[in-house]
Amino acid sequence: MGRKGSCWMDNLKEAVAAAFSPAARKAVLSNPVSRQSTYVKVVITAREKGYQAEKFTATQVFHENWDYETAFQFVCMKLQSGYRQLNSWSETEETSLRISKKGKIFVSRRKTDAPVEIRQEHNRRKRYLLPEGTPVPPLIDMGVYTAEGRVVRSMYDKFRQINRFLEIIDDELDRFDPEVTLQILDFGCGKSYLTFVLYYYLTEIRRQKVRMIGLDLKQDVIEKCNRTAEKYGYRHLHFQVGDIGGFDFDGHPHMVISLHACDTATDYALFNAVRWKADTIFSVPCCQHELNSQIATENFGVLTRYGIVKERVAALMTDAIRANLLQCCGYKTQLLEFVSLDHTPKNLLIRAVRGGGNPDGRPLREVHSLMEEFHVRPTFYRLMEEAGMLPRESGS
């Protein structure tokens, strides 16, 4: 990562001194290079005397009390040996220090509206990616924030859901060079609540250059979204009317998002994402009716006899097949639980990252076996087959 040599270390210490001075009231060390790192993140908070460090593993938190010099040396050591980001807050500003994959060091600052208070007692309240106390225009218009940037008490569930969505995306952002302008497509954007929030997070908090396009079939919705983007001053966020199946993108998308694209619209979104070799895919499917109308089996009739069971089995089968087909195309794929902003039931979120998939034929063999047993042929499979995008060695 280019983290060698006395010159680089001198530059790092100078950057840390600027980002984490004795005036800092709080600092968060995050984004470990390896998922095997001991700590997911380290939070350092000013107390009446010295600092308290909270070291977070996947399941535990360890606490230590430090003076400033100890905290400073710890941060330098961790940034040298495998962490990519440090955020710190003083009374008047937030400073972000980021290290690219090539070892380049970036430092940026912005004014804060609410100072971080010195901790006087243990406070394990979760720190969310979105800063409470800073007005965020989309969240104010959604009714999640007050005009002063405080979370409305009755909207805390939605606030947590939005942060969870950002966390799922944030986990994959470090794979991108901070100097690159991220090309992001949002299929079936609808009213675009999360699109606006994501744009804010990427540009204002992560300081990432982006170009985002939202696509939807409804002309009036698109016109309203464009007016809203203009009101917020989001110059690189645009919306247009179009069908997911017929949309063509001139370029390479770093990220494709598809939230609640109904039924087979999700399949077209995934197909386009794979066809364009998108680096990351985030999809929350809904209304999986297609397989429910096809499914039939001689051996597992108990799963199709009862309407509600058949509906749920068909939905889970649809997403399992989608995940396996993404694996076939070289995407490392996960199915995560995600709480919708519009509905109370919990949904699945498909997160797929290009590189590290399983194209050895097994995922496709599993799909073929399932299709044969339940007599189904999902749209995503059909599109992939017709385009000749399924691996040859699978015997398809």
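**View 1. K55, a buried lysine, pairs with E64.** K55 counts as buried at 8% relative accessibility, where buried means under 20% relative accessible area, exposed over 50% and partly exposed in between (1.4 Å probe, protein chains only). Its partner E64 counts as partly exposed at 35%. The two side chains meet in a salt bridge, 2.6 Å from N to O; the term stands for a side-chain nitrogen of Lys or Arg within 4 Å of a carboxyl oxygen of Asp or Glu. By this rule the count comes to 19 salt bridges. Please keep in mind that this is a predicted model, in which local features need pLDDT of at least 70 and side-chain atom pairs pLDDT 80 or more, while totals for chains, interfaces and linings use all residues. Residues are numbered from 1 along each chain as its sequence is written, and side-chain values use heavy atoms, with hydrogens and water left out.

**View 2. D319 and R322 form a salt bridge within helix α9.** Their closest N and O atoms are 2.9 Å apart. Because D319 and R322 lie three residues apart in helix α9, about one helical turn separates them. Helices here are DSSP runs (H or I, at least four residues), as are strands (E, at least two), numbered from the N terminus. D319 is buried, with a relative accessible area of 3%, and R322 is buried too, at 2%. Elsewhere, salt bridges that share partners join D171, E172, R175 and R351 into one network.

**View 3. E172 meets R175 in a salt bridge.** The N to O distance is 2.9 Å. E172 counts as buried at 4% relative accessibility, whereas R175 counts as partly exposed at 33%.

**View 4. Two separate nonpolar cores.** A nonpolar core is a set of buried Ala, Val, Leu, Ile, Met, Phe, Trp, Tyr and Cys residues joined through side-chain atoms within 4.5 Å. In the largest one, with 49 residues, L130, L139, I162 and L166 touch the most other members. Helix α5 (residues 193-205) gives the most to this core, with nine residues. A second, separate core of 39 residues includes I213, M317, L325 and V367.

**View 5. Around K218 and Q219.** K218 sits in the loop between β9 (210-216) and α6 (219-232) and is exposed, with a relative accessible area of 52%. Q219 belongs to helix α6 and is partly exposed at 43%. The C-alpha atoms of Q219 and F239, 20 residues apart along the chain, are separated by 10.0 Å.
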